[in-house]
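Q: Got a minute to go through this model with me? I'd like to start with where the chains touch.

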Amino acid sequence: MKDLLRIKSLISTEIEGLLNQQVKKEALSSSIYLSMASWCNRNGYDFSSDYFFKQAEEERHHQLKFYKYILDMGGNAISPEVTGIKQEYNSFREVFEEALDQEISVTQSIKNIYARCMKEQDFVTMEFLNWFLKEQREEEYKARRALELFEVIGEEGTGRWQIDKHVGQIKYDSEA
Amino acid sequence: MITTTTTTTHWTDVFKTSAGAIYQCDTERCWYVDFGGKVAKFDYRCLLKLRKSVYHIDIEQALLNTTKDPDVEIIFICACDHCYVLSLLQIIALKELLEGTFVMLELNHILHERLCSIAS
């Protein structure tokens, strides 16, 4: 009896399900960043707003990468429904705290898919995920660095204005 | 596995219960589901959709439901020629049949992988 499941798709149903969950997670991240960009813009933090616009674009790019991979491997990519995006934040700092939480949760989620791939010996998907793991190093670094600015600059006086200015300059260029 | 030969195609038994059976046809790359008084042909996508829609039915909720609605579920699969109108007992039986089938297909996949790794 032919292995028809394998003939039709390179990835297992479980991996396909996890990757579709990740598509949704990336879409959610993108929407959250858009909401953060809006909040920052409305409150006069223009550099941070631009930073979050860029982050939203990046998350959308990640979403499409997962989406196309599922399709290329013969799976069924599901366009996700994204609802319940928080639109208001209590403070400038809270925006960055939540951005870091979001990145940590994305890293964890990719690690979970990786662990499942290892169990199934799905080396093809593992190789695909390597790019995302490296990307998460950058994403988490940037989110952590932004929060660090609140500590080193301080929010008093023109502190928030300074923080906003420096957020736009955060870069990760480690070759490691 | 037991094989059945017909005049035109070769069907392999994938899984059988007292309520029905699922066969695989390698030539047509599809499955034949013998259930509910009919034999229906399903390709890969449709079989996955059938599994998804059957698994999504909340049997426990339906059993606890005390309204006067009939205990009947209509399983309609988008872009598929077949539709099932089943009672709760039939749904349980179809779920069992599909679960067994996918375990067997998974087992077949594992066997193929092992054979490939031995051969290479």
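Q: So how many residues of chain B are in contact with chain A, and how many of chain A with chain B?
A: 10 residues of chain B are in contact with 7 residues of chain A. Contact here is C-beta atoms, placed from the backbone, within 7 Å. Bear in mind that this is a predicted model, where local features need pLDDT of at least 70 and side-chain atom pairs count only at pLDDT 80 or more, while totals for chains, interfaces and linings use all residues. Residues are numbered from 1 along each chain as its sequence is written, with chains lettered from A and ligands numbered from 1 in the order written.

Q: Which element gives the largest share on the chain B side?
A: That's α3(B), with 4 residues. Helices are DSSP runs of H or I, at least four residues, numbered from the N terminus.

Q: And what's that side like by class?
A: It has 3 nonpolar, 5 polar and 2 charged residues. Nonpolar covers Ala, Val, Leu, Ile, Met, Phe, Trp, Tyr, Cys and Pro; charged is Asp, Glu, Lys and Arg; the others, Gly among them, are polar.

Q: Staying in chain B, at what angle do α1 and α3 pack?
A: About 135°, with the axes 10 Å apart. Axes are lines fitted to C-alpha atoms, for helices over the stretch in contact, and angles run from 0 to 180 degrees between N-to-C directions. That angle makes α1(B) oblique to α3(B); under 35 degrees is roughly parallel, over 145 roughly antiparallel, 65 to 115 roughly perpendicular, and the rest oblique.

Q: Which residues meet there?
A: From α1(B), B:Arg51, B:Val54 and B:Tyr55; from α3(B), B:Ile91, B:Leu94, B:Lys95, B:Leu98 and B:Phe102. By class, that contact has 6 nonpolar, no polar and 2 charged residues.

Q: New topic: which residues touch the most other members in the largest nonpolar core?
A: A:Leu19, A:Met36, A:Cys40, A:Phe52, A:Phe66, A:Val95 and A:Ile113, out of 35 residues. A core is a set of buried Ala, Val, Leu, Ile, Met, Phe, Trp, Tyr and Cys residues joined through C-beta atoms within 7 Å. Buried means 20 or more other C-beta atoms within 10 Å of a residue's own, again placed from the backbone. The largest share of this core, 12 residues, comes from α2(A).

Q: What does A:Cys40 contact?
A: Leaving aside neighbours within four places in sequence, A:Cys40 is in contact with A:Tyr45, A:Ser48, A:Ser49, A:Phe52 and A:Val95.

Q: Last one: how do α2(A) and α3(A) pack?
A: At an angle of about 165°, axes 8 Å apart, and they are therefore roughly antiparallel to each other.

Technical notes
Helix = DSSP H or I, 4+ residues; strand = E, 2+ residues; numbered from the N terminus. Contact = placed C-beta atoms within 7 Å. Buried ≥ 20, exposed ≤ 12 C-beta atoms within 10 Å, placed from the backbone.
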